[in-house]
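Could you walk me through this structure in my viewer, one selection at a time? I am a first-year student, so please tell me what to select next and what is there.

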Amino acid sequence: MTSQMTPGVVAGRLAKEVIDDNFADLHAPLDGHEAMVAADRCYFCHDAPCITACPTDIDIPLFIRQIASGTPEAAAKTILSQNILGGMCARVCPTETLCEQACVREAAEGKPVKIGELQRFATDALMDANVHPFERGSSTGKKVAVVGAGPAGLSCAHRLASKGHDVVIFDPRPKAGGLNEYGIATYKSVDNFAAREVGWLLQIGGITVETGKSLGNGITLSDLTSEFDAVFLGIGLGGVNALRCDGEDKDGVLDAVDFIADLRQASEFGTVEIGRDVVVIGGGMTAVDAAVQAKLLGALNVSLVYRRGKDRMNASDFEQDLAASKGVRIITNASPRGVIGNGSVREIEFEYTDDDLAPTGETFRLAADQVFKAIGQTLVGDDLPDIDRGKITVTETGRTSVAGVWAGGDCASGGEDLTVTAVAEGRDAAEDIHAALSA
Amino acid sequence: MANLESEFVGIKSPNPFWLASAPPTDKEYNVRRAFEAGWGGVVWKTLGEEGPPVVNVNGPRYGAIHGADRRLLGLNNIELITDRPLEVNLEEMLRVKRDYPDHALVASVMVPCEEDSWKKILPMIAETGCDGFELNFGCPHGMAERGMGSAVGQVPDYIEMVARWCKEATDLPVIVKLTPNITNILYPAEAAKRGGADAVSLINTINSITSVNLDSFAPEPTIDGKGTHGGYCGPAVKPIALNMVAEIARNPETHGLPISGIGGVTTWRDAAEFMALGAGNVQVCTAAMTYGFKIVQEMISGLSQYMDEKGMTSTADLVGRAVPNVTDWQNLNLNHVTKARINQDLCISCGRCYAACEDTSHQAISISEDRVFDVKDDECVACNLCVNVCPVDNCITMETLAPGAMDERTGQPVEADYGNWLGHPNNPSVQAAE
């Protein structure tokens with residue numbers, strides 16, 4: 001009988017019902033009355049700080065007032081007109097560092113208005129009714145290629161389609177959605193939400209999705225620039241950083257992003273294998289997503305090890321608390337020195353570091369059946385526009401060094417690597433592309 | 001602990017909290033439980049003539065206004081007087097009064113506006129041992145269509161006439177319950193006094209439609225597709241009631257006429273406010289209908305604590321204390337100058353004061369790049385709107401400028417002397433006198 005104690009990497013450490021329950025919605029949706037009570041707490045601030053804090057500038061007080069007055073569909077349109085992926089952002093945005101951090105009630109009493117949950121209430125209402133509130137403009141005859149069907153590409157494509165341009169989206173994966181589909185913890189996007197959202201978004205019309213294609217794989221940037229009137233690159237960061245320590249090639253040392261993607265695509269969570277002793281290396285959202293889900297699958301010991309101090313972790317306090325609440329042990333100021341094992345990983349050795357990453361000489365080892373690397377992703381691709389510090393250099397509106405080529409999202413310079421930032425950049429690039437094509 | 005014992009027009013009760021004539025006081029079962037819960041008195045649900053009782057609608061009888069968390073802010077009803085036979089009510093009242101001799105039991109009465117009707121029923125009711133009568137000249141719905149309730153209360157001559165009949169028919173105290181659905185509450189109050197009434201009670205409910213169903217296009221509450229105006233009560237009506245009580249209390253013609261205060265009393269504080277404005281006691285209905293009889297415990301403890309803190313030993317020490325401070329606008333001191341002050345430590349930068357002042361008032365609040373809000377003294381007229389819309393207690397306050405201090409808005413120093421409109425140079429009658 002397989003249990004949490006079973007050594008090695010196995011599936012079914014917990015009963016199916018327990019695992020299914022573990023992967024249920026992180027936040028149950030607000031019901032109508034809860035939404036009314038939550039909305040009533042909004043002060044309808046003048047020139048509200050929450051709007052400023054939102055990378056997509058959603059008029060938050062207005063949409064909350066629309067919820068409070070019984071018109072969540074109108075609220076959803078307010079949201080989606082600024083952020084077409086407002087449904088996903090309601091689920092994955094680190095609101096505690098964005099709108100809700102800026103909420104004046106956070107300053108007043110440490111309890112912000114539940115902006116994220118209210119946004120979900122509104123967008124769910126509209127999407128559950130299968131209403132797409134935007135219409136495609138009359139055709140311009142212009143064609144735009146969007147490379148990457150992630151948040152930046154989808155946002156860009158929708159805005160372009162609404163202006164009447166014909167858009168073709170290319171993506172190497174079998175499904176559109178990018179990190180929304182493959183890169184987010186399962187409990188943040190249940191019931192196939194990412195795919196449903198893409199389907200809903202495409203209702204605007206004028207957008208074709210071609211999967212199985214990426215730069216260098218069926219298409220090239222030079223072909224696209226000659227065939228299309230404009231090109232938008234939203235290709236994300238396809239590479240994973242290496243640990244750069246001995247034994248990294250041993251079995252059981254894996255990329256966290258692959259683990260997260262496999263779990264998202266699994267039809268039965270109980271069939272996903274997980275180690276008894278799991279070590280995740282990294283301090284960002286990906287690290288937390290991997291560590292928490294390892295625990296939810298039934299790993300007995302999960303440690304998240306970060307080389308700097310807690311305050312430097314990219315994962316928000318909320319994410320850190322979530323990990324701790326699920327039983328993940330967070331170890332800070334420790335760098336990997338070697339993966340130990342005969343063929344497969346058995347242990348991993350760390351050395352404590354000070355806040356300047358200087359080694360202290362003190363080491364320790366953690367038992368490990370699996371090691372997930374989550375120490376950042378890198379831009380990959382040849383013949384890209386000019387790159388600076390690992391990102392495609394872009395202007396405020398996403399123009400790259402190549403005429404007719406725009407870029408946005410994680411692959412481009414500027415902004416944090418967040419879904420909401422990618423949506424904003426895709427949208428703004430689309431507006432600039434539209435202006436350029438209309439000139 | 002302060003002594004809350006109350007004596008109102010000679011009627012004694014353990015405390016000044018009575019249940020108003022309404023569904024909570026419709027029968028023996030309720031009233032016994034109310035007394036056990038601590039209520040000082042009840043005004044029994046309004047009795048009508050002998051014979052077949054009135055009938056009520058069997059659809060909804062109430063409509064409501066809610067806050068976001070379904071806090072009940074206002075209630076509307078279209079229920080009529082008691083729909084139980086008179087003899088049943090009288091038997092029950094007799095038993096209750098026998099068992100609760102120290103509690104107040106007042107009979108509310110509504111019969112047709114004919115001398116015989118009133119003179120016949122009062123002695124019958126008096127046999128129950130009740131402590132007094134309250135003449136229901138207030139109910140604005142249903143019974144008013146039949147020439148009773150507010151149909152009487154809206155005609156001062158009728159009030160005076162019926163009150164006189166009743167005083168001729170009984171030695172017990174007679175309280176006239178007033179409708180607020182009139183232009184000036186002083187006319188019916190003065191009429192009641194002229195008729196010999198021992199007291200007035202107010203307010204009865206206000207004509208109202210709580211809401212309209214935007215699908216069926218019918219007013220709420222809706223009975224088979226139709227609705228009618230009901231009587232509005234609950235916390236929402238308290239400010240209206242307070243004003244009407246105060247007007248009667250300070251009017252020379254009615255000053256000293258005992259008042260039983262009614263209208264949105266929900267907590268001890270509401271009760272204390274009514275009493276400070278001249279009410280000898282209060283009557284409660286909606287709060288009990290919302291939360292049950294137990295709320296009287298909070299009212300008793302709260303009023304006791306307040307009176308102890310103020311050194312008041314009896315409710316008489318409180319009754320009327322605020323009346324001298326209710327005056328006409330023309331008597332207000334125009335030389336009293338205040339300015340809004342924003343406490344920057346408490347400010348949470350919501351900007352509501354700015355939006356309110358900039359958009360709808362005097363453009364007297366500035367906003368900086370980093371959302372610091374300041375009052376422009378040269379524009380501030382001290383309207384208090386910023387104080388009212390600020391979500392933080394005591395964040396914005398009004399500071400009184402000392403005599404001699406410069407009022408930057410007028411460019412004049414604040415005068416030390418009291419000066420009102422009656423002597424103001426802009427007053428045409430002042431100019432005429434010159």
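Happy to! Start by selecting helix H1 (residues 28-37) and helix H2 of chain B in this predicted model. Their axes come within 10 Å and cross at roughly 20°. Angles under 35 degrees count as roughly parallel, so H1(B) and H2(B) are roughly parallel to each other. Their crossing is right-handed.

Now show the side chains where these two helices touch. On H1(B), pick Glu28(B), Val31(B), Arg32(B) and Phe35(B); they meet Glu92(B), Arg95(B), Val96(B) and Asp99(B) of H2(B). Try colouring them by type: the contact has five charged residues, three nonpolar and no polar.

Next, keep H2(B) (residues 86-99) and add helix H3 (residues 115-126) of chain B. Here the axes lie 10 Å apart, and the helices pack at an angle of about 35°. Which residues make the contact? From H2(B) come Leu86(B), Leu90(B) and Met93(B), while H3(B) brings Ile121(B), Met124(B) and Ile125(B). Colour these too: six are nonpolar, with no polar and no charged residues in the contact.

For the last stop, move to chain A and select helix H5 (residues 72-80). Which of its residues are buried? Look for Pro72(A), Ala75(A), Ala76(A), Thr78(A), Ile79(A) and Leu80(A). To see what covers these buried residues, switch on other helices of chain A, including H4 (60-68), H6 (86-92), H9 (115-128) and H12 (193-201).

Technical notes: Residues are numbered from 1 along each chain as its sequence is written. Chains are lettered from A and ligands numbered from 1 in the order in which they are written. This is a predicted model: local features need pLDDT of at least 70, side-chain atom pairs count only at pLDDT 80 or more; totals for chains, interfaces and linings use all residues. Side-chain values use heavy atoms; hydrogens and water are left out. Buried means under 20% relative accessible area, exposed over 50%, partly exposed in between (1.4 Å probe, protein chains only). Helices (H or I, at least four residues) and strands (E, at least two) are DSSP runs, numbered from the N terminus. Contact means heavy atoms within 4.5 Å. Axes are lines fitted to C-alpha atoms, for helices over the stretch in contact, and angles run from 0 to 180 degrees between N-to-C directions. Ala, Val, Leu, Ile, Met, Phe, Trp, Tyr, Cys and Pro count as nonpolar, Asp, Glu, Lys and Arg as charged, and the others, Gly among them, as polar. Angles under 35 degrees count as roughly parallel, over 145 as roughly antiparallel, 65 to 115 as roughly perpendicular and the rest as oblique. A crossing is left-handed if the near helix is turned anticlockwise from the far one by less than a right angle, and right-handed if clockwise.
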